[in-house]
Amino acid sequence: MTGAGAGAATATEGAGRSGPLFGPGTRFHRLFDDPCWAVAMIRATVLEAAHPQIGAALVDSSTFVTHPWRRFTNTLRSLQRMTGTDEPAREREAARLNRMHGRLNGTDAANRPYDAMDPAARAWVVATMFESAVIMFRWSGRPLDQAAMEELYAEFRRFLAVMGDASGQLPDSLKDFWPYYDRVVEEELENTQALRTILYHLFDHVPAPPLLEGLPTVWAAGRALAGPTIGAVTVASLPEAFRRRAGLTEIPGAQALTQSTYLALGAARLLPDGWITGENLLDLLSLSPDSDDPRARALAAVGDGMKRFGAFLRLVTPLPDEPDRPDGRGSGGSSGWTAAGGTAGSGAPAGGATAGGAVRRGAEEFFDAVLDQTGNGHLDWPDLAAMARELSGRLDLDEPEETRLYNAFAAWWRELQSTLDTDGDGRVSRQEYAEAVPSLAGPALIRVAEVLFDVTDADGNQSIDADEYRALFRTGFRRELLDADGTYSRTAFIKDFLAFMAGRQHSTAYDPLLTQA
């Protein structure tokens, strides 16, 4: 036995447990239904980002700045699979994560190599989650006793083992964990670019989640309060030694604010069982305003009322314009682009439909909204890899389909690089793209469309039916996008995909797929 399966077996044997590794009765599983866990996970993410290898991978390849809600939803979904009782699903997810991490490597700004499969870095991710859980219980007035802490630590070690890391990068005992943790904090963590982005940019500019995209005033008002609060709470809860060395200033009263925040969130556990669960949160974040899910229609009705309230707020207390992002784009992350397919203020109907049919988008607008997935102002391989990663995750692809899709995107990147990279710096700037936009849809992009159709067409009948359509787009079954027999033909699919990815027209299906935050 090798890989995740071997890790799972080793973990179970090492812990002396029988039955499921994780499940409703474990402390590990219960974390994800605890309202305080959301704040604790932000803290853990900051500590992960402070690790040089992890921070470099986040800066180079992650979409957490431009698409934070998509990243959060995907993380929740992955944790749900990893901590559920379905062992085959857990092993498939572990294998998928390892394939994904195996593609993340390179060198950082200081020319130091990084590799997302580095055992020490992977162990640190799990270490931050465990330590942040301990801190969460302490701040929320529910400190763990020694036995409970040791049980939770053993479960986190089993989680690492499921990923195939059975060699023991984490110390065997809780007693040895704390010296290990202190050593990494004091000797290895840095004030990385990824850490600064999370603390000083992400919270202030995070776009609205999909269901609130039509309420910019309400979202901006809430974010203006919540952003600084989350930042202050996160900094105040970090290890003092690291906070001091990294020059992270704690604002006066931050400790009391942190305590109050955790206590307030912890009080939500007094609500009836099932009201607040990780699964319910995941379902809500996965909905889009135009979904055919009944809950989306109910929330849309609530949203209409909130829009009217937001309009009233704008009349009574108009908010100042939001500051631009460091990369020169608007704080919404889409340069005036709306996921419904229109440009803000353009008057174009959703879907980009006009009297003359398809419309050509502004090249720079399309570059920012669709192509620049990592938000660094350039198009390079990590941007296309992010698209392949998102599509693979939505379709729950396994091998060899996942590799086929990645290879198709890689071939498209090579074609783009050879055609558009006029200065030879290995990436495509916004200006280079805008000057040669007709060259975007070449033979390699056609191959991407063909591979995407093949992996979406799960039953291989050369058409996409309702279930396959929903699996890809997670929206309503739009009859107007399908052929007369209620299916999406290969020809129609490829035509629409090419038109969208070449920046020639909006699409009510593809816009949310790759632009949704």
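**Backbone exceptions, nonpolar cores and aromatic pairs in a predicted model**

Asn111 is exposed, with a relative accessibility of 61%. That value lies above the 50% cut-off, so the residue falls in the exposed class. The model is predicted. Asn111 sits in the loop between strand S1 (105-107) and strand S2 (113-115). Its phi is positive, about 65°, although Asn111 is not a glycine. Asp396 also has a positive phi, near 55°, and is a residue other than glycine. Asp396 belongs to the loop between H17 and H18. With a relative accessible area of 32%, Asp396 is partly exposed.

The loop between helix H17 (381-394) and helix H18 (401-420) also holds Pro400. A cis peptide bond joins Glu399 to Pro400, with omega at about 5°. Most residues other than glycine have a negative phi, and most peptide bonds are trans.

The overall architecture comes next. The protein contains 23 helices and 6 strands. Of its 517 residues, 52% count as buried. The exposed surface is about 22800 Å², of which carbon and sulfur atoms supply 56%. Among contacts with a separation of 6 or more, 72% involve residues 24 or more positions apart.

What is the size of the largest nonpolar core, and which residues have the most contacts inside it? This core has 66 residues. Those with the most contacts inside it are Trp37, Trp124, Phe130, Phe156, Leu170, Phe177 and Tyr180. Helix H7 contributes 13 residues, the largest share of this core. Apart from this core lies another, of 48 residues. Its members include Trp413, Val448, Phe453 and Phe473. In soluble globular proteins, nonpolar side chains tend to be buried together.

Phe177, one of the residues with the most contacts inside the largest core, has neighbours beyond its sequence vicinity. Not counting residues up to four places away in sequence, Phe177 touches Ala127, Phe130, Glu131, Tyr153, Leu170 and Pro171. Phe177, Phe130 and Tyr153 also belong to one aromatic cluster. The other members of that cluster are Phe28, Trp124, Phe156, Phe159, Trp178, Tyr180 and Tyr181.

Phe137 is placed in helix H7 (residues 119-139). Phe137 counts as buried because its relative accessibility of 15% is under the 20% cut-off. Phe137 touches Leu31, Asp34, Arg142, Pro143, Leu144 and Leu152, again not counting residues up to four places away in sequence. Phe137 and Ala40 are 97 residues apart in sequence. In space, their C-alpha atoms are 9.5 Å apart.

Aromatic pairs were searched for across the whole structure, and 23 were found. One of them joins Phe28 and Phe156. The ring centres are 4.7 Å apart, and the planes make an angle of 75°. The pair is edge-to-face because that angle is over 60 degrees. Phe28 lies in helix H2 (residues 27-31) and Phe156 in helix H8 (residues 146-162), so the pair ties together parts that are 128 residues apart in sequence. Both partners are buried.

A second pair is formed by Phe366 and Tyr433. The centre-to-centre distance is 6.4 Å, and the planes are 35° apart. This pair is tilted, because its angle is neither under 30 nor over 60 degrees. Phe366 lies in helix H16 (residues 363-371) and Tyr433 in helix H19 (residues 430-435), so the pair links parts 67 residues apart in sequence. Phe366 and Tyr433 are both buried.

Two further side-chain interactions complete the account. Arg103 lies over the face of Tyr406, at 3.6 Å from the ring centre. Thr66 is placed in the loop between helix H4 (52-61) and helix H5 (68-83). Is Thr66 buried or exposed? Thr66 is buried, because its relative accessible area of 5% is under 20%. The side chain of Thr66 reaches the backbone oxygen of Gln373, at 2.3 Å.

Note on methods
Residues numbered from 1 in each chain as written. Predicted model: local features only at pLDDT ≥ 70, side-chain atom pairs only at ≥ 80, totals over all residues. Heavy atoms only, no water. Phe/Tyr/Trp six-rings, centres within 6.5 Å; stacked < 30°, edge-to-face > 60°. Helix = DSSP H or I, 4+ residues; strand = E, 2+ residues; numbered from the N terminus. Buried < 20%, exposed > 50% of the residue type's maximum accessible area, 1.4 Å probe, protein only. Lys NZ or Arg CZ within 6 Å of the ring centre and 35° of its normal. Polar contact = N/O pair within 3.5 Å; in protein donor to acceptor, adjacent residues only side chain to side chain. Contact = heavy atoms within 4.5 Å. Areas by Shrake-Rupley, 256 points an atom, 1.4 Å probe, with all protein chains shown as cover. Core = buried A, V, L, I, M, F, W, Y, C linked by side-chain atoms within 4.5 Å.
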